[in-house]
Structure formats: C-alpha cells, structure tokens
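Please look at the model shown here, and follow its enclosed spaces one after another as you read.

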Amino acid sequence: MKTKQDLGLEKIGITDSQELFYNSSYDELFKHEIEPSLQGYERGFVTESGAVTVDTGEFTGRSPKDKYIVDDSVDSQHVWWADGKASGSDNKKITVETWKHLKEISVNQLNGKKLYVIDGFCGANRDTRMSVRLVTEVAWMAHFFKNMFIRPTEDELSDFKPDWTILNACKVRCKDFAKYGLNSEVFVAFNIKERVTVIGGTWYGGEIKKGIFSIMNYFLPLKGIGAFHCSANMGKDGDTALFFGLSGTGKTTLSTDPHRRLIGDDEHGWDNEGVFNFEGGCYAKCIGLTAQREPDIFRAIRRDALLENVDFDKDGHVDYSSKAKTENTRVSYPLNHIDNIVKPISKGGHPKRIIYLMADAYGILPPVAKLSKEQAMYHYLSGYTAKVAGTERGVIEPKATFSACFGKAFLTLHPTMYADILGKKMQEHESTAYLVNTGWIGGQYGVGKRISIKDNRLSIDAILEGSLDEGPFDILPVFNLQIPRAVKGMDSSILNPRNTWANKEEYDVLLRRLAQMFIDNFTNFTNTPAGKSLAENVGPKL
C-alpha cells in the first residue's frame, strides 16, 4: 500500500489522512460507496441492474459561470479569456492570490480525511497522453474517474507520475467569494503553471472529466494536434468517422452503432497517425433510455457502471423516463461495457466522414445536408444547436445557441486555432462533412415533432456508405445547403424541411430569422481575413 509520501501528496499540501486508498479496485469502491453510514450525496445505492446510482444535488450539470484559470503571464499567455460577451469564452481570470485561497480551503477540506487517490491517462496515444491523478474523499467520485479515464496497467502504476492533479473537494465552498471576485461559492479552477485543478461546491461528476478535456484542449493544439469535442467510430473496413455536437444532440447514441466499432463517445485527438480517444469510458445521457432504442447503452448499465440523478424506487428499479431530478440523467461506464469497441487501443485512421449533429429547435434545418469544405469550417465555428434541458445549470427547456467548435465551454485557446487544425486535416485527408439535424421538423419546438432516432440513423448510414456524395440535391434557400432528394429507407417528403410545415409562410419567416442569428453570431470571427471570407462566401445570404 502506497503512502502519501510515496505519492508525493505532501507537495500539494496533503499532509494528513485517516486512511489512504490508492487505485482501489471496482469491488472495493463498490463496498465503500454504498456503505450505509454515509450521508447525503456521498452515499450510493444499488439498482436492479447491479449499477450504483448517486445524486449530485443542486448541480445536475456543469456550472460554466464558476470556471476559472489563474492569470499567469507566462503559462496562460495563449488562453482565450472571457470578455463578458455571451458568445465569448468561459475562461475567467483569477489572480494567484485567489488561487492560493481556493487551493488552501480545498486542501484543508481533504486533510485528515479518508482519501481516495486514483491515477489514469487522458489520451490513447502514449506519446501525447497526460497522466492524471484524482484526490478525493468521496468513493463514488473515484469510481467516476476510474470509469472515465484510461486505466493504467500494474507496471504503469509502479512508476506513475502525474502530469496533472485534481483536488476534488466537493464538500467545501468559498464562503467569501465576493471578496475574491468570484461568481458564487462554487469553483472549478485551473493553474496551468502548477498543473493542478481544484473543485469545490459542486458534486457533479462531469466537472472532473470536462476539466481535463479543457486542459488537453490547451496543450495539444499548441503542438499542431487536433483536440475535438466529438465521438468516433470505425466501420468493418477500418473507415473512421467523427461525430461533432453538444451534449444532448446524440453523439453517444448515434456513434454507438451495432454495425460499427466504437472508438469513443466524447473527446478525441487527431494527429499524424489518425484519431485517438482521450478517455477510457463513456458518459451517456439516460433520459428516455430503453433496451429497444439504445440496446448497447442499456446493456452497458451493469455492475461497475455509475448512474447519476436517475429516479429509482426502494427495489432499485430505475425509471429512465422520469425527469423528477433532471433531464440530464447520466451513466458512466468503462469502454469494455460496450461489446463492439476498437481493441486493444481506442484509436483509428484519418476520418473520411465528419458529421455535425445539430438539434434545431426552430425546425428550419433539413434532416441531412452535405457541406462544402468552406461550409464545414463555417458551421464548425458557428456550432449551432438547441441546448437540451439539464446539460447546464438553469437550462430547463431547449434553447437555440451557438457554441464555437461544438464545445465553446471546453475551449482553452481561441476557436480559430481548432478550426484551422480541423480544416488542414480535412484538406490533407480529403474528408467530407455533413449536417444531421437531430432536432425538430414540421414546426418549431412545441409545434413540430422531433426527428426520430431511426431517421437520424438512416441519414448517417447513407453518409457512411457514401450514397449521399453524388446527389441529386435540392438547395435550401438562404443557407445554400445541399439537401439529398432521397435517402434509403426514409420518407423523402421530410428531407426538405419546408415541405413538412403546414404554414409555409411562417417557415420562410423563421428561416430568415435563424439565418440572421447565424450572421450576427459569426461577427465574432470576421475580424480575421479567413473568417471574413467564410462569412462572405458561404454564410447565409438574406
């Protein structure tokens, strides 16, 4: 058993602990997280599938207004800083003095407690992966980390040295937050120079994984390596596809395909060898989950999986249709819970097909469209979707939004850096991009209906087999998108969205209104020659 001295915890301020559990097995964590003496959000409960379920309290999604990075002139010079605009960055500055305070209260919370230390890798490529360590007093937080990061072998653990450390002190809050210029008592703060994250006041597990994704988004692009908020899978012939989209647009669901092997469901890099997964697990939404609609994900919910905020009864039966706690119900599970995965390393070749998933709450965009190379860059920087309820605090119904690179909240550098790398990769490897609407048709949200997963899958099948490449196409006015006239298995009458509306004049009005939203948003990128060219040549035209 390793001690805090062996692990070097004293260097980060951890000088005392009741007990120290280092890289505990799943069985050991299972026993600890369901211990009857635990109180509140610390205690897990066993469901009928064998998976443990926990509640995360007030925070059932990320808290982007409470994300901070230490402003250090040397180590933070490349950061895309928040400028106070709604369309801008979430990376708010804090001083070194504020950082010291947040770290001090986090360390004080953890000192003298029973601690769990879990090590893992972020990144499947050995040359570019990051060694990450979590220190926490909550067993299920350690379980979450173990699910989501790549688990080292015993040999790798013997000389494991973390490149980054996360101090998860979810029980502590910054009571004097106003004094330090913070948004609230909650904080998720990063120090690039020290290579440390401190988390306080929120029990939401997703802050752990998304925080490290943000850090990978800092280091990799500076080396010319793509870092993307996307899922990826591989066909039987080794062809790789990427799926971009915000939480709730179907990345996990649509990339988990019985006919293709999963590489990963959320975060990937793209280097000179191809695409590689950052993670060792999946973090899937559970709302409305059934064995019939999403069999792979449903079967993955078993012993070692960890559910969050689901509604369950005294017998452990889970009601996946319930939104009693949140619409953002979640499950984390190790990749090996999916049978059809890429083994032994989660990586693939250079992708030929790139799919943008957009949940269009206005019902304006077509179920599927082919994009030119320039349109691909325009829509990647735009990152349009309808943010689905519950993925962020305070969002209770779908809301149209723009999130640069389909992941603005996780971008540590300026969006144009990620777009530049994606564009160069697509050009070099002759990749083609497509738009798939996982939102509404026949009317806007509240009037129309959501496009079925079946039709979304048919669109994606046609993209991946190449049958949409040559057309014939109709053109969506204003946006100038190429709409296929036929997709195998789909009702062709729904392919042109205007045809599905009873009130065609209302559709035309909303079409122009949505286009204006795109135009207004893209002014964030027209201060460069490349951005101005995209807006003028492939942006919507009123």
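**Cavities and a helix beside one of them**

In this predicted model, the second largest cavity is lined by Ser-87, Leu-381, Ser-382, Phe-402, Ser-403, Ala-404, Lys-408, Asn-521, Asn-524 and Phe-525. Sorted by class, this lining is made up of four nonpolar, five polar and one charged residues, and the space that these residues enclose has a volume of about 40 Å³.

The second largest cavity belongs to a wider set, since the structure holds three cavities of 30 Å³ or more. The largest cavity has a volume of about 120 Å³, and among the 14 residues that line it, those closest to its centre are Arg-62, Lys-67, Glu-207, Lys-210 and Ala-409. Two elements, β9 (187-191) and α6 (206-219), each give two or more residues to the lining of the largest cavity. When the residues around the largest cavity are sorted by class, five are nonpolar, three are polar and six are charged.

Which element gives the most to the lining of the largest cavity? That element is α6, which supplies four residues, and it is worth following this helix along its length. The 14 residues of α6 reach 20 Å from the first C-alpha to the last, which is close to the 20 Å expected at 1.5 Å a residue. The helix α6 is also mostly covered, with 14 of its 14 residues buried, where buried means under 20% relative accessible area. As a general point, an α-helix has 3.6 residues a turn, so residues three or four places apart point the same way.

Definitions and conventions. Residues numbered from 1 in each chain as written. Predicted model: local features only at pLDDT ≥ 70, side-chain atom pairs only at ≥ 80, totals over all residues. Heavy atoms only, no water. 1 Å grid on protein atoms, 1.4 Å probe; cavity = no way out; pocket = protein on both sides within 12 Å on 5 of 7 lines; lining within 4 Å. Points joined across faces, edges and corners; volume = space filled by probe spheres on them. Nonpolar A, V, L, I, M, F, W, Y, C, P; charged D, E, K, R; others polar. Expected span 1.5 Å × (residues − 1). Buried < 20%, exposed > 50% of the residue type's maximum accessible area, 1.4 Å probe, protein only.
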